[in-house]
Every structure is written in structure tokens, then in C-alpha cells.
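Please look through the sequence and the structure below before reading on. The paragraphs that follow begin with a turn between two strands and then move to the packing around them.

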Amino acid sequence: MKRTLLTGLALVLTAGLAVADAQSDQAGARQASMALGGALKQALMSAMKEGGPLAAIEVCNLSAMPITDQVSEQGPWTVARTSLKVRNPANTPDAWEREQLLWFQKQLDAGVEPGSLEVLHTENLDGQPVQRYMKAIMVEGPCLACHGRALSAPVVQALEDRYPQDQARGYQAGELRGAFTLERPMPKAP
């Protein structure tokens with residue numbers, strides 16, 4: 001009886017620690033996604049203020065990937081962005097990311113608060129445990145200058161010149177634009 005009670009207590013404590021670890025992992029991933037989002041938004045808003053949408057397109061084209069790489073180098077997470085309608089084919093979602101984006105959209109359609117759309121998942125990739133995280137990105141007003149339905153002719157031309165395979169147009173404020181997608185290797189279990 002004593003052994004069963006101790007085993008049960010150990011299982012409860014282990015489960016509690018696993019939940020605490022998952023919450024800590026999710027908080028760290030959330031922080032990394034916010035760092036990327038904040039850095040990109042700052043660069044884009046500064047460009048918009050100085051030169052309008054054409055300057056913002058230039059920043060996206062030349063600076064988004066270096067900013068993403070810089071944020072990735074600051075912590076354990078490799079950060080990126082993806083969408084069901086990508087502007088840059090390098091951001092095309094893999095199968096798991098696509099599944100999460102479709103789930104995010106289904107949740108939005110059901111009236112779920114956009115700020116709550118995130119997922120943390122651990123899987124094995126090539127025999128290595130990997131933790132993955134995604135957080136929804138919503139379309140905001142300033143995004144519409146380059147991602148909206150009514151784009152100016154110079155914006156359309158700049159997008160066609162820099163992103164010939166662009167799918168990321170036709171949005172309205174409040175729609176799902178895509179997601180921050182993060183990944184990090186986990187230590188193998190002993």
C-alpha cells in the first residue's frame with residue numbers, strides 16, 4: 001500500500017513537472033515569436049513612415065530574412081513565418097504547419113479569440129525529438145497597403161517584380177495572415 005501511494009505520488013509530481021515544463025517552453029516560444037514580430041513590425045512601420053508601402057516592400061524583400069536569422073541566433077528557437085498564402089515561396093508551410101494553419105482558421109470561424117491561437121508540439125524528426133510552436137498572425141490595418149484588396153498600381157508592380165509567385169493579397173483586417181513558426185531540438189531521453 002505504501003509503495004502504491006509513493007508510486008502514485010511520484011506520477012502526480014512527474015505529471016506536474018511536465019505541465020510546468022510545457023508552460024515554460026510555451027512561454028519561451030511565445031517570447032521568441034513576439035521578438036520576431038516586434039522587430040519586423042518596427043522595421044516595416046519605420047519604412048512605411050519614411051517612404052510608404054514601396055519602402056516597406058523593400059524592407060520585407062531585403063531585411064525580413066536577416067531579421068529572422070538574428071532573432072533565431074538570440075535563443076534556442078529557430079523562428080520563421082508561414083502562411084496558407086505565401087508571398088515568398090521559401091515560407092511555404094510543411095504538412096504540420098499547414099494542419100495548424102487550417103486549425104487556426106477553423107477556430108477563428110468558430111469565434112475563438114485570435115490571441116489564443118497557438119500550439120506547442122513535440123515530435124521526432126529523423127530520430128531526434130523536436131519541439132515545435134506556432135502562433136497566429138492576424139492582418140492589421142497597416143498590412144492592407146501591401147496585402148489588402150485595393151492595392152495601388154505601384155505597389156502591385158513592386159510586388160510582381162520582387163515576388164512573382166505572390167499569393168498574399170486580398171486580405172481584410174482581422175483575417176488570419178499566417179503564423180510564426182518555431183522549432184528547437186530537444187535533448188534525447190536517457
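Which residue takes a positive phi in the hairpin of β2 and β3? It is Asp 126, with a phi near 55°, in a hairpin that has two residues between the strands. This is a predicted model, in which local features need pLDDT of at least 70 and side-chain atom pairs count only at pLDDT 80 or more, while totals for chains, interfaces and linings use all residues. Residues are numbered from 1 along each chain as its sequence is written, and side-chain values use heavy atoms, with hydrogens and water left out.

Strands here are DSSP runs of E with at least two residues, helices are runs of H or I with at least four, and both are numbered from the N terminus; two strands pair if DSSP finds at least two bridges between them. Strand β2 (residues 118–125) runs antiparallel to β3 and is joined to it by eight bridges, with Val 119 having Met 134 in β3 as its bridge partner. Strand β3 also pairs in the antiparallel sense with strand β4 (residues 176–185), over nine bridges, and Ala 136 stands opposite Ala 179 in β4.

Of the 11 residues of β3 (residues 128–138), 10 are buried, that is, under 20% relative accessible area with a 1.4 Å probe, protein chains only. The largest nonpolar core (buried Ala, Val, Leu, Ile, Met, Phe, Trp, Tyr and Cys residues joined through side-chain atoms within 4.5 Å) has 13 residues, of which Leu 36, Trp 77, Val 79 and Leu 182 touch the most other members. The elements giving two or more residues to this core are α1 (2–73), β3 and β4, and α1 gives the most, with seven residues. A second, separate core of 11 residues includes Trp 96, Met 134, Met 138 and Ala 179.

Terms used: Buried < 20%, exposed > 50% of the residue type's maximum accessible area, 1.4 Å probe, protein only.
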